[in-house]
Amino acid sequence: MKLTILGCYSATPRALTNTTAQVLEINNHMFLIDCGEGTQVHLRRHKIKFNRIKHVFISHLHGDHFFGLVGLISTFRLLTREADLHVYGPKGIKEIVTLQMKLADSWTNYNLYFHELTSKESELIYEDELVEVHTIPLEHRIYTNGYLFKEKEGERKLDVDLAEEANIDVAYYRKLKQGFDVENEDGILIRNESVTKPGQKPKSYAFCSDTVYKEDIVPIIKDVDVLYHESTFLEKHAHLGPRTKHSTAKEAASIAKQANVGTLVLGHFSTRYGGLEPFKAEAQEVFENVELSEDGKVFDFS
Ligand SMILES: [Zn+2]
């Protein structure tokens, strides 16, 4: 599981800071999460093969989270993309994007699908044999979702020596890897656990931005390996959180602690501050394993 931060600041893009966008590579998928202004430029700058992106997840319709989407969709057309593109986001996203295409008479030559979200409960919105994606209902000034990405349980590891010793026909190896008990050549039932070990533990990633401090997301993101949680403010501006529906670094850490996550990645920093270290310091008063996002930073969580 690899996470590339393309932008991790709030409000407006500036000379040295980008608004929210990130690429999650998980189990052979490449997911784009949010698409702030200039995202396609940052994809190119970091040499990400962005034709591999087939799914885009937009948290909400504030500009710092999706102003790059129309540009990206348009560039895919100019690059004569053929693969389908799926966009998940709040109701209204289809109207915004298609209005621009309509007035420019520039329809895509690939299939573009919109999956508009309205539910205030967590729901499963994407699933295949390798991963699943659920929404995480957040509380912001407009309708907003975070997203939970989960690898599915992989195959069990077969100990071939033990399987041979147990006199199991190789034709059954596939079943063993899938977790089934099988009969050996003498008709004796062989318990799966006696010849296999669990495969790699499935990884999970939760993206939570933007939101006010919201404890009821804790059960949804419980025990995830990595939590990205917005931390717009430091403690000295904590009073702005409830008003603007954003969180502090310390509040993000509190959510991480309650949810027992592996690593907390902080992001969506207000550009009013000089440096990022105070975000880490304040969060670490509550939760130890904290990382700071930086534009262009790559986290390898495999
Ligand atoms: Zn924002």
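Which side chain makes a polar contact with the side chain of Asp-64? The partner is the side chain of His-65, at 3.3 Å. Keep in mind as you explore that this is a predicted model.

## Getting to know Asp-64

Asp-64 is a good place to begin. In an unreviewed entry, UniProt lists Asp-64 under "active site". You can find Asp-64 in helix α2, which covers residues 63-66. With a relative accessibility of 10%, Asp-64 counts as buried, because the cut-off for that word is under 20%.

What surrounds Asp-64? Leaving aside residues up to four places away in sequence, Asp-64 touches Ser-10, Ala-11, Thr-19, Thr-20, Gly-36, Asp-210 and His-268. Two of these names, Asp-210 and His-268, return in the next section, among the donors of the zinc ion.

## The zinc ion

Four protein donors hold a place around the zinc ion: Asp-64 through OD, His-65 through NE2, Asp-210 through OD and His-268 through NE2. They lie 2.2 Å from the ion. Along the chain, the donors follow the spacing D-H-x144-D-x57-H. Asp-64 and Asp-210 link distant parts of the chain, being 146 residues apart: Asp-64 belongs to helix α2, while Asp-210 sits in the loop between β14 and α7 (218-221). Both Asp-64 and Asp-210 are buried.

What is the geometry of the site? The angles among the four donor atoms run from 90 to 169°, and the site is irregular. A tetrahedral label would need all angles to lie between 85 and 135 degrees, so the 169° end of the range rules it out. As a general yardstick, the ideal angle for four tetrahedral donors is 109.5 degrees.

## Strand β14 and its neighbours

The loop that carries Asp-210 comes after β14, so let us look at that strand next. Strand β14 takes in residues 204-208, and five of its five residues are buried, so the strand is largely enclosed by the rest of the structure. Both of its faces are covered: Ser-204, Ala-206 and Cys-208 point to one side, Tyr-205 and Phe-207 to the other, and all of them are buried.

Strand β14 pairs with strands β9 and β15. Strand β9 (residues 143-151) runs antiparallel to β14 and is joined to it by four bridges; here Leu-148 stands opposite Ala-206. Strand β15 (residues 226-230) pairs with β14 in the parallel sense, also over four bridges, and Phe-207 faces Tyr-228 across this pairing.

## Thr-263 in strand β16

Another strand to visit is β16, residues 263-267, where Thr-263 has its place. Is Thr-263 buried or exposed? Its relative accessible area is 11%, so Thr-263 is buried.

The side chain of Thr-263 makes a polar contact with the side chain of Asn-289, at 3.3 Å. Beyond residues up to four places away in sequence, Thr-263 touches Asp-225, Val-226, Leu-227, Asn-289, Glu-291 and Phe-301. Among these, Val-226 and Leu-227 fall within strand β15, the parallel partner of β14.

## Gly-296 in a loop

The last stop is Gly-296, in the loop between β17 (290-292) and β18 (298-300). Gly-296 is partly exposed, with a relative accessible area of 23%.

How far apart in space are Gly-296 and Gln-284? From C-alpha to C-alpha they are 23 Å apart, with their positions twelve residues apart in sequence numbering. Setting aside residues up to four places away in sequence, Gly-296 touches Ile-5, Leu-6 and His-46.

Note on methods
Residues numbered from 1 in each chain as written. Predicted model: local features only at pLDDT ≥ 70, side-chain atom pairs only at ≥ 80, totals over all residues. Heavy atoms only, no water. UniProt positions renumbered as here; feature names shortened; annotations may be inferred. Helix = DSSP H or I, 4+ residues; strand = E, 2+ residues; numbered from the N terminus. Buried < 20%, exposed > 50% of the residue type's maximum accessible area, 1.4 Å probe, protein only. Contact = heavy atoms within 4.5 Å. Polar contact = N/O pair within 3.5 Å; in protein donor to acceptor, adjacent residues only side chain to side chain. Pairing = 2+ DSSP bridges. Donors = N, O, S within 2.8 Å, 3.2 Å for Na, K, Ca; no water. Tetrahedral: all angles 85-135°; square planar, octahedral: opposite > 155°, others 65-115°.
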